[in-house]
Amino acid sequence: MAGRGKLIAVMGDEDTVTGFLLGGIGELDKHRRPNFLVVEKETSLAEIEETFRNVSHLAGAHAVGALCPSLSLFPVGRGFLAREDVGMILISQALAEQIRPAVAAHARALPAVLEIPSKDHPYDPARDSVLRRARGLFAPDELR
């Protein structure tokens, strides 16, 4: 990756992801894995969580395929958090709420995880785990 920047990954509903794709962030890596996930009614919670995070804790690719057939396209250990070419993950806040333990467990600086609003769900700063963590770094007097 010398001389190249990092990608922005996006996870959300069709309208949110389409807007970012029209803005030019869509990319496929050398293994033909996209840097985006459109979440629909049929998308399982397991698929969302495993696309977000490192899936290397599973026994193997066959276990992933058995749990979620569409995930068999993604090699084990290559969720957005595990990909070296991803520098930022934009995730709709409603989706982040569904996988809150995985989002809250991410403590590294890169990739940065930012919760964004979607068309149907406005942004609520009180539910943003990243913002809460950042506020914890400062004393309340410093924020005024």
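In what pattern do helices and strands follow one another along the sequence of the chain? In this predicted model, the chain reads β-α-β-α-α-β-α-α-β-α from start to end. The pattern comprises six helices and four strands. Of the 144 residues in the chain, 40% are buried. When contacts between residues at least 6 apart in sequence are considered, 64% of them join residues at least 24 apart. The surface exposed by the chain amounts to about 8500 Å², and carbon and sulfur atoms contribute 58% of that area.

The arrangement of the strands is considered next. Strands of a sheet pair through backbone hydrogen bonds, in either a parallel or an antiparallel sense. Here, four strands form an open sheet with parallel pairing, and their order across the sheet is 2-1-3-4. Strand 2 and strand 4 are the edge strands, each of them pairing on one side only. From one strand to the next, the twist averages 20°. Strand 1, which spans residues 7–12, is joined to strand 3 by five bridges in the parallel sense. Within this pairing, I8 lies opposite M88 of strand 3. Five bridges, again parallel, connect strand 3 with strand 4; S92 has I116 of strand 4 as its bridge partner. Strand 1 and strand 2 are paired in the parallel sense through three bridges, and V10 is matched with F36 of strand 2. Helix 2, formed by residues 45–52, packs on the sheet and touches strand 1, strand 2, strand 3 and strand 4. The direction of helix 2 makes an angle of about 170° with that of strand 2.

The burial of strand 3 was then examined. Because six of its seven residues are buried, strand 3 is largely enclosed by the rest of the structure. Strand 3 also takes part in the nonpolar interior, as described below.

The largest nonpolar core consists of 17 residues, and the members that touch the most other members are M11, I48, F52, I89, I91 and V113. At least two residues of this core come from each of strand 1, helix 2, strand 3, helix 4 (93–98) and helix 5. The greatest contribution to this core is that of strand 3, which supplies three residues. M11 illustrates the surroundings of one core member. With neighbours within four places in sequence left aside, M11 is in contact with V17, L37, I48, F52, F80, I89, L90, I91, S92 and L95. Another core, of five residues, lies apart from the largest one; V10, I25, L90 and I116 are among its members.

Charged side chains were examined as well. How many salt bridges does the structure hold? There are seven salt bridges in the structure. One of them joins D29 to R83, with a separation of 3.8 Å between the closest N and O atoms. This pair links distant parts of the chain, the two residues being 54 residues apart. D29 belongs to the loop between helix 1 (14–22) and strand 2 (36–38), whereas R83 belongs to the loop between helix 3 (61–67) and strand 3 (86–92). D29 counts as buried because its relative accessibility is 13%, under the 20% limit for burial. R83 likewise counts as buried, because its relative accessibility is 2%.

A further salt bridge is formed by the side chains of E49 and R53, with an N to O distance of 2.7 Å. Are these partners buried or partly exposed? E49 counts as partly exposed because its relative accessibility is 22%, and R53 counts as partly exposed because its value is 25%.

E115 and R100 form another salt bridge, in which the closest N and O atoms lie 2.6 Å apart. The partners are 15 residues apart and link distant parts of the chain, with E115 located in strand 4 (residues 112–116) and R100 in helix 5 (residues 100–105). Both E115 and R100 are buried. In addition, D29, R33, R83 and D85 are joined into one network by salt bridges that share partners.

How values were computed. Residues numbered from 1 in each chain as written. Predicted model: local features only at pLDDT ≥ 70, side-chain atom pairs only at ≥ 80, totals over all residues. Heavy atoms only, no water. Buried < 20%, exposed > 50% of the residue type's maximum accessible area, 1.4 Å probe, protein only. Contact = heavy atoms within 4.5 Å. Areas by Shrake-Rupley, 256 points an atom, 1.4 Å probe, with all protein chains shown as cover. Salt bridge = Lys/Arg side-chain N within 4 Å of Asp/Glu carboxyl O. Pairing = 2+ DSSP bridges. Axes fitted to C-alpha atoms, helices over the stretch in contact; angles between N-to-C directions. Core = buried A, V, L, I, M, F, W, Y, C linked by side-chain atoms within 4.5 Å.
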